[in-house]
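Reader: I am new to this structure and would love a close look at a single part of it. Could you walk me through one of its sheets, starting from a turn, and then show me what else is worth seeing around it?

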Amino acid sequence: MDYLRTLGSAAVSTLVQKSGLNLPFSLGAKVASIDGVCSLYDATKREDGSNVSVFEYDFNDASKRNYKPFAKNALRKLRTTRHPDILKFMDAVESETNIYIMTERVRPLEPVLQQWSSRPNREREDWLLWGLHRISVALTFVNDPCASTHGNIHVSSIFISPSGEWKLGGFELCSSTKDESPTLYTLGGTYPNSSSWSSPEVRKSGWSALKEGNPAVADAYALGILLHSVFNPTHPPPATIQPPHPSPPASARGDIPLPLFNVFKRLLNPSGGSRLTPKGFLEVGMAEGGFFSSNKLVQVCSGLDNFALASEADKSQLLRSLKDSASSFPAEFASFKVLPSLVSALEYGGASAAIILPLLIQFGKNVSPEDYPNLILAPLIKLYASPDRAIRMALLEHLPEYVDKLDQKAVSDKIFPQLQTGFTDTVAVIREATVKSISILAPKMSSRVLNNELLRHLAKMQMDPESSIRTNACILIGRLGPTLGYNTKRKMLVPAFVRALKDSFVHARVAGLMAFMATIDCFEMEELATKVIPSVSPALLDKEKIVRDQAFKAVELFISRLSKHAETMPETAAVEAGQEDVPYLAPNTLANSAAGAAGALAGWAISSLGKKLATSDLQTTMATGPAADRPGSTSPTPAGSSLQTPVFDSFSSLTPSSASSSSLGKPSGKGKPMQLGGHKVAAEASSTSWLEEESFDSGGNDGNPWGNEDLIDVNADHDDWSAFETAPPAPSPPKIVEPKPTPSFTRGPLISTPKNLPFHSTPS
């Protein structure tokens, strides 16, 4: 069947192209033939690609040329008659052989009735009554304000919109006594099957009899027959349509609801003057407790249409009704009637916005994936531009329910530009909700937004007056850490978490520690040792126990990670070619206490230098030269070279007893300390090259890493050197040439490394 429809639409398109007509639509598949007078097609509007329907009247066939007046009348009436319950006219194309009328997308009622026949009785009854209510409203409009008779009320003249609403069509016979050439009165009898819904007066005197009297009487009789057809589609027409037109017996009720059956009989009254009109039928149904006023779908439609003008109490009642009955609504009614009405109501904002938005999302669960972007996401994204705080809060609170349907382009280009205004809102609740929403939207954000715009806002959020917002900002950065770019991680993670560690709010400090732990994989081992642990260590002595406990756990985690990494490192660095190995502490010499460590360091330093001198320099004579010819502690050090730390040459001449009584030798009195010669540059560079690195890593180029004050004042002889004046005299050194006075030792580097700590003195 679909194949044949496709062939039919293709043939029509070919004929249209040959005729030279410029159609504002593209014809699709043929849907149905309406009474043999016209054909209904699905189509697409060329201007915007929206779905439409097209009624084609083709006069190429000789048997259909007599239907041309019907087509012209239908086009004229649809153009001039506008009502929400009447088929919406959009455009038309007219030629000698064809007339095309483009309307909103609809489908015939008859196949839909067959689909509803398997539904539960109560649900089906509500839907049918709602449809009859819409047709009654449309007929009342045609009969009273328009003073016209429709004349073509039957199942084939009614169509269903995508929202499930019944739309009145079939205006081929619609006429008024004011028309120049009323089609109904002259050609009504030639329309196919018109006798099946004609009233008794028409059967008796013809269609021209309708010129006199109320224009609604013929439509009222046809409405009664329509009522019987929709409730009893498998039953034959009621016997009252044939003379002498008896009143329908109770056995003829079928599935017609009992409250409606009495009104049904009044619609089929053989006397036109006593017959109930469509307007009267509508009034009876809408009376208190009537079959229309008590209908759930009728109530919802009426409430949604008048939502903007309703009082707050009526709005609340309607929204509660929607919430309670959401699961019982027809799918198309909920998707294309309720949802657009709720979106329209949201634009007004107000206190009801927080209730409407959850309903919008609730109804959206039954929407097909193809329709979800247009019906749900598009209105929600548009609402982010609303300045109403109630709408913004509702959008953020229910974000988890629709975030999966969003794509990266929509989040980065449409939502975030509007969302970021929440970071600077004057209401703290909005700012906090905005921060929390980022963790949900982050996977949908582009790298540009994530690594630039968002982080600038979060940096400001860490200085927010509200402590909870500062804490949540830190937690959010910790969650985002693994997804950030490599350079972004190195630049901002440590400063962001350190700022949290300095926060006055205790939970912000805890959040900073936990963020460090959560992002441990984001740091390289060197950063972990040189940046992270020093930043965390002050928290070990925090005033709050909860912070201290978390800090110890964090440091333990970092040390554990560093220990595992250190096990994979070589015992020593690669030695340059031609350079002897520098002794190091063997594992069995590692100290377990402070005193043991000091002694081990002293012994290691002395034995190392002694071995170095014994193997390389003891066979040479000592010589001195001008101070400018040898590197000193005060000489400027080129970039990339090692600092030359002054080391006294009395190491090689100290006896065991003197070495134990004093660590460094110095002549009695106030003479100058002895210095190693220029040939000791290599040894000094070897023992002090890491000192320079440690000094620079400490944060200053000329400052002491432990402080700005010296622990040893080289100019205070009485204070610093008194212990050396009482030491046993050292053996006379070889005769040397006394060098010119050299500047004082550089302050600071002597104590920046374990090698230069004051040596531990051992009792004789």
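Author: Let's start at the hairpin of β1 and β2, where three residues sit between the strands. Asp35 in this hairpin takes a positive phi near 60 degrees. This is a predicted model, so please read everything here as computed from that prediction. On either side of the turn, β1 and β2 run antiparallel and are joined by seven bridges. If you would like one pair to find on screen, look for Leu27, whose bridge partner in β2 is Ala43.

Ala43 is a handy residue to keep in view, since it also stands opposite Val52 in β3. β2 and strand β3, which covers residues 51-58, pair in the antiparallel sense over six bridges. These two strands make a hairpin as well, with five residues between them. In that turn, Gly49 has a positive phi of about 75 degrees.

How enclosed is β2 itself? Strand β2 spans residues 38-45, and six of its eight residues are buried, so the strand is largely enclosed by the rest of the structure.

Now step back to the whole sheet. Five strands form an open sheet in the order β1-β2-β3-β5-β4, with antiparallel pairing. At the edges stand β1 (25-34) and β4 (89-94); each has a single partner strand, so one side of each is left without a neighbour in the sheet. Neighbouring strands of this sheet are turned against each other by 25 degrees on average, ignoring direction. As for what holds such an arrangement together, strands of a sheet pair through backbone hydrogen bonds, either parallel or antiparallel.

At the β4 edge, the partner is strand β5, made of residues 98-104, and the two pair in the antiparallel sense over five bridges. A pair to look for here is Val93 with its bridge partner Tyr100 in β5.

Follow the chain onward and you come to another sheet. Three strands form this open sheet in the order β6-β8-β9, again with antiparallel pairing. Its edge strands are β6 (107-108) and β9 (166-168), and each of them pairs on one side only. β6 meets strand β8, residues 158-160, through two bridges in the antiparallel sense. There, Pro108 stands opposite Phe159 in β8. Helix α4 lies across β8 and β9, and runs at about 25 degrees to β9.

Helix α4 also leads us to a packing site. The buried residues of α9 pack against α4 (121-143), α7 (217-231) and α8 (258-267). Helix α9 covers residues 278-286, and its buried residues are Pro278, Gly280, Phe281, Leu282 and Gly285.

Aromatic rings offer another way to find your bearings. A search of the whole structure finds 16 aromatic pairs. In one of them, the ring centres of Phe70 and Tyr191 are 5.2 Å apart and the planes meet at 70 degrees, so the pair is edge-to-face. Phe70 lies in helix α2 (residues 68-80), while Tyr191 lies in the loop between α5 (183-187) and α6 (200-205), so the pair ties together parts that are 121 residues apart in sequence. Both Phe70 and Tyr191 are buried. They also belong to a cluster in which ring pairs link Tyr67, Phe70, Tyr191 and Trp197.

Phe329 and Phe333 form an edge-to-face pair too, at 5.4 Å centre to centre and with 65 degrees between the planes. Phe329 counts as buried at 6% relative accessibility, and Phe333 is buried with a relative accessible area of 1%.

Some rings have a charged residue over them instead. Arg119 lies over the face of Trp116, at 4.0 Å from the ring centre. Lys405 lies over the face of Tyr372, at 5.1 Å from the ring centre.

Finally, here is the setting for all these details. The chain has 28 helices and ten strands. Of its 764 residues, 43% count as buried. Among contacts in the chain with a separation of 6 or more, 64% come from residues 24 or more positions apart. The chain exposes about 39,400 Å², and carbon and sulfur atoms supply 54% of that area.

Note on methods: Residues are numbered from 1 along each chain as its sequence is written. This is a predicted model: local features need pLDDT of at least 70, side-chain atom pairs count only at pLDDT 80 or more; totals for chains, interfaces and linings use all residues. Side-chain values use heavy atoms; hydrogens and water are left out. Two strands pair if DSSP finds at least two bridges between them. Helices (H or I, at least four residues) and strands (E, at least two) are DSSP runs, numbered from the N terminus. Axes are lines fitted to C-alpha atoms, for helices over the stretch in contact, and angles run from 0 to 180 degrees between N-to-C directions. Buried means under 20% relative accessible area, exposed over 50%, partly exposed in between (1.4 Å probe, protein chains only). Contact means heavy atoms within 4.5 Å. Rings of Phe, Tyr and Trp (its six-membered ring) pair if their centres lie within 6.5 Å; planes under 30 degrees apart count as stacked, over 60 as edge-to-face and the rest as tilted. A charge sits over a ring if NZ of Lys or CZ of Arg is within 6 Å of the ring centre and within 35 degrees of the ring normal. Accessible areas come from the Shrake-Rupley method with a 1.4 Å probe; for residues, only the protein chains shown count as cover.
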